[in-house]
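I opened this model to look at two things: the ligand site and one helix. My notes follow in the order I took them.

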Amino acid sequence: MGKYQMIATAAMGLEALVAQEVRALGYDCQVENGRVTYNGDEYAIAKSNLWLRTADRIKIKVGEFKAYTFDELFEKTKALPWENYLPEDAEFPVIGKSVKSKLFSVSDCQAIVKKAVVERMKKHYKRNTWFEENGALYRIEVALLKDVATITIDASGTGLHKRGYRAAQGEAPLKETLAAALIMLTNWRPDKPFIDPFCGSGTIPIEAAMIGQNIAPGFNREFVSEQWKWIPEKVWDEVRTEAEDVANYDQPLDITGSDIDHRMVKIAQENSFEAGFGDLIQFKQMQVKDISTTKEYGVIVGNPPYGERLGDKPAVEQMYRDMGQAFNKLDTWSIYILTSHEEFEQFYGKPATKKRKLFNGFIKTDYYQYWGKKPPRSTNGNIEKA
Ligand SMILES: C[S@@+](CC[C@H](N)C(=O)[O-])C[C@H]1O[C@@H](n2cnc3c(N)ncnc32)[C@H](O)[C@@H]1O
């Protein structure tokens, strides 16, 4: 087995959650801005792709060095052991980005890295002619930050948020990675009831069901690194078989998604079927103000409209008021709402127990958390089941 430096990229604010997931897979890691780094073998590449719910993508770090001039970028890129990663027929486009660096022309950096890799490969494979690049894809990235170049190969392909179940979506769907993060930030356990009152295309309820039954988020999709010859097929087979073994399809779930818009309810149902949950998740058309339940100690996670569009604000603020009143009756429930509306607490009617800053794409939001009453302790010291 080889040893690779790995990077799991994370949306701003989700790094600690990604790190928690990487550690749960058994890898020690370091948390940096927008990424979590760790070492691992081929199994780590397969497992990370298959299991990380909150990471954006998995990259293999080929090298990292200071580069103030194009010459330096060329020579140091050429000195990296590309032949360990790229076969002779590899397709290897180069993308790039540059932040606060002397080498700011991204297109020039990309061209130079490409040339350096070609030079190295020509020497190794003893060729004078062009590479056909008709084999597996190895997308190289040169990322410059404060004159440090990090050179990586993307091992995911399509971003990890694409689980493969969302055939249709509504107007402002959440990224699946953020939806999973919102759930992981709650105290929900699969034996508790769960409601998403603004379910839209069903992302949050579907992610909750996957977490509840311990289903690997990447189980129904492929990854670009599955085409790489140096990761034996048996690695992917083993990792997939293990995922199948640990999935708990018998775990009963009490997950409901509701939305004011019946078209959304239909889309959510279709996506739930696509994800393999069929009728296991209940979807219904309902306004948030009509939500009531006699169940206890449940969790509500909601991503309501933010009222950012001109003219929407008063209606959204009234809806927040109505929501506050409806949820006020659910004192054993923990309620978690993601919105960019800065006066949310005022309209909702009470200050949050805790707030956490998160980005929904480029929108700065807060995750308002209202913790419910704790279940009573039974005489034997165990917490009674709700
Ligand atoms: C930001 S979207 C939610 C997107 C969803 N998380 C997803 O991933 O697709 C907000 C949803 O709230 C619904 N909505 C708006 N007002 C509502 C209300 N008063 N009660 C319930 N749902 C409402 C909208 O129809 C819309 O689908």
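The entries below cover the ligand first and the helix second.

Entry 1. I noted at the outset that this is a predicted model.

Entry 2. I asked which residues surround the ligand most closely. I found 19 residues around the ligand, with Leu174, Ser201, Thr203, Asp259 and Val288 as the closest. I then sorted this shell by residue type and got 12 nonpolar, five polar and two charged residues.

Entry 3. I looked up polar contacts of the ligand. In the side chain of Asp259, an N or O atom is 2.6 Å from an oxygen atom of the ligand. A polar backbone atom of Ile260 is 3.2 Å from a ligand nitrogen atom. For Val288 I found a backbone N or O atom 2.9 Å from a nitrogen atom of the ligand. On its own the ligand has 610 Å² of accessible area, and the protein covers 87% of this.

Entry 4. I turned to helix α6, residues 203–212. Is α6 largely enclosed or not, and why? I count α6 as largely enclosed by the rest of the structure, because nine of its 10 residues are buried. The buried ones are Thr203, Ile204, Pro205, Ile206, Glu207, Ala208, Ala209, Met210 and Gly212. Thr203 is also one of the closest residues to the ligand.

Entry 5. I checked what the buried residues of α6 pack against. Their partners are the helices α5 (176–184) and α8 (262–274), together with the strands β8 (194–196), β9 (255–259), β10 (281–285) and β11 (299–302). Asp259, listed above for its side-chain contact with the ligand, falls within the range of β9.

Entry 6. Last, I looked past the end of α6. Asn214 follows the helix and has a positive phi, near 55°.

Terms used: Residues numbered from 1 in each chain as written. Predicted model: local features only at pLDDT ≥ 70, side-chain atom pairs only at ≥ 80, totals over all residues. Heavy atoms only, no water. Near = heavy atom within 4 Å. Polar contact = N/O pair within 3.5 Å; in protein donor to acceptor, adjacent residues only side chain to side chain. Areas by Shrake-Rupley, 256 points an atom, 1.4 Å probe, with all protein chains shown as cover. Nonpolar A, V, L, I, M, F, W, Y, C, P; charged D, E, K, R; others polar. Buried < 20%, exposed > 50% of the residue type's maximum accessible area, 1.4 Å probe, protein only. Helix = DSSP H or I, 4+ residues; strand = E, 2+ residues; numbered from the N terminus. Contact = heavy atoms within 4.5 Å.
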